[in-house]
Amino acid sequence: MTEVIMTKMGDAMEEGTLLKWRKGENESVQEGEPIADIQTDKANVELVAPASGLLVNLKVKEGDTVPVGVVIAYVAVEGESLTSLTEQDKLQPKGFEFISKSDSSTERIKASPIARKIASEKGINLAQVQGSGPGGRIVERDIEQYIKTHQEQVPALPPQGMPAGLVPGEPIELTRTRRLIAQRTTVSKQTVPHFHVTSKIDMEALLALREKLNSGENALKLSINDFIIKACAVAITKFPQVNSVYLNDKLIPILNVNIGVMVAIPDGLVVPVLKECEKKSLRTIATEAKVLFDKAREGTLSLNEMTGSTFGLSNLGMFDVDEFSAIIFPPNAAILAIATAKKVPVVLEDGAITARTRMKVTLSVDHRVLDGVIGAQFLKEIKTLLENPVSLVV
């Protein structure tokens, strides 16, 4: 009997929502065949069968949210049956958390983490909520139903820290993506000691080269972002310390350079990852980036396409931004924030003033991994590469 597990489908994924079973109870499945659609914090992805056989003991209903690692079904081969599972296995998904019904009782209540969190925020006693999940587990919809039914009994939480004199409107519930972004950026800023280094890059040579390369009738249209991704990959090979992870008081060097690029979607951000950029040409990076960015906006990125970043890029250049700093996306050690390339007055060596295109970039660095000197040298290398872009093409 092979377990079907809520697989981790992103570096930061902690739970997933079962949107739809594609296969029913006792239906034949083939290994690698999509059997369910899962919603993560970043996208909707397919969950595939881990083995061939019959899909049995579907533990999770459509709409349920369960933690990563939970067994949500089994695949049985010929001769196997549910009798090989214990009664506890049949009813209790592995990894579900239990919390006390009351301080004075030893009886336990099953509840999903998100249900428990909402109940805590709203001051709801879980002992008063009827669970509709597997084995009577309380899930998010049960809390929402309880709130609707007991609207008058559930006190609205007063806005915290609201300055006097303001007239607050109706609170807006955060989407799942926005809630996770809020949680993880807070954790990153509170636990990762950031420092920032900013530099101005002369973009005249790069823009001229890009125009020339893009001028052919069937030429691949290179973006400024493509050049920056390539420059970062080359720079990381010269400063491999940047491509490290701080874990359990140790620095773990990562040998492949995977660039994660923040892409805006209607309710937040997703991070498609370009793998092994140190081995790829500028054109290959541009081709793969276009495919990944399109899939990111369509919400069709696969698990592999969203995991494994070792360095981050955040580009707000299209929004007329002078400069900004980005929050590091753990476990990465650094992220580069890119502002708008624009014409500014520049004083030349002979004292003359002329207009040239400059772009500000700011490197956010985990101080546990890198010190200021290495961060500055790494950023200078990126600047040198972008101001001499021919080296990125050959």
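Q: When do two strands pair, in terms of the bridges that DSSP finds between them?
A: In this predicted model, the pairing of strands rests on a count of bridges, and the cut-off is what DSSP must find between two strands: at least two bridges.

Q: In β5, which residue is the bridge partner of Asp37?
A: Strands β4 and β5 run antiparallel and are joined by five bridges. Within this pairing, the residue of β5 that serves as bridge partner to Asp37 is Glu46.

Q: Which strands stand at the edges of the open sheet, each with a single partner strand?
A: The sheet is open, holds four strands with antiparallel pairing, and follows the order β5-β4-β2-β7. Each edge strand has a single partner, so one side of it is left without a neighbour in the sheet, and the two strands in this position are β5 (44-48) and β7 (65-67).

Q: Which residue in β7 is the bridge partner of Glu15?
A: Strand β2, residues 15-21, pairs in the antiparallel sense with β4, residues 34-39, over four bridges, and there Thr17 stands opposite Gln39. Strand β2 is also joined to β7, again antiparallel, by three bridges. In β7, Glu15 has as its bridge partner Pro67.

Q: Which helix gives the most residues to the largest nonpolar core?
A: The largest nonpolar core has 74 residues, and Ile72 is one of those that touch the most other members. Leaving aside residues up to four places away in sequence, Ile72 touches residues including Trp21, Leu47 and Val66. The helix that gives the most to the largest core, with eight residues, spans residues 224-238 and is α6.

Definitions and conventions
Residues numbered from 1 in each chain as written. Predicted model: local features only at pLDDT ≥ 70, side-chain atom pairs only at ≥ 80, totals over all residues. Heavy atoms only, no water. Core = buried A, V, L, I, M, F, W, Y, C linked by side-chain atoms within 4.5 Å. Buried < 20%, exposed > 50% of the residue type's maximum accessible area, 1.4 Å probe, protein only. Contact = heavy atoms within 4.5 Å.
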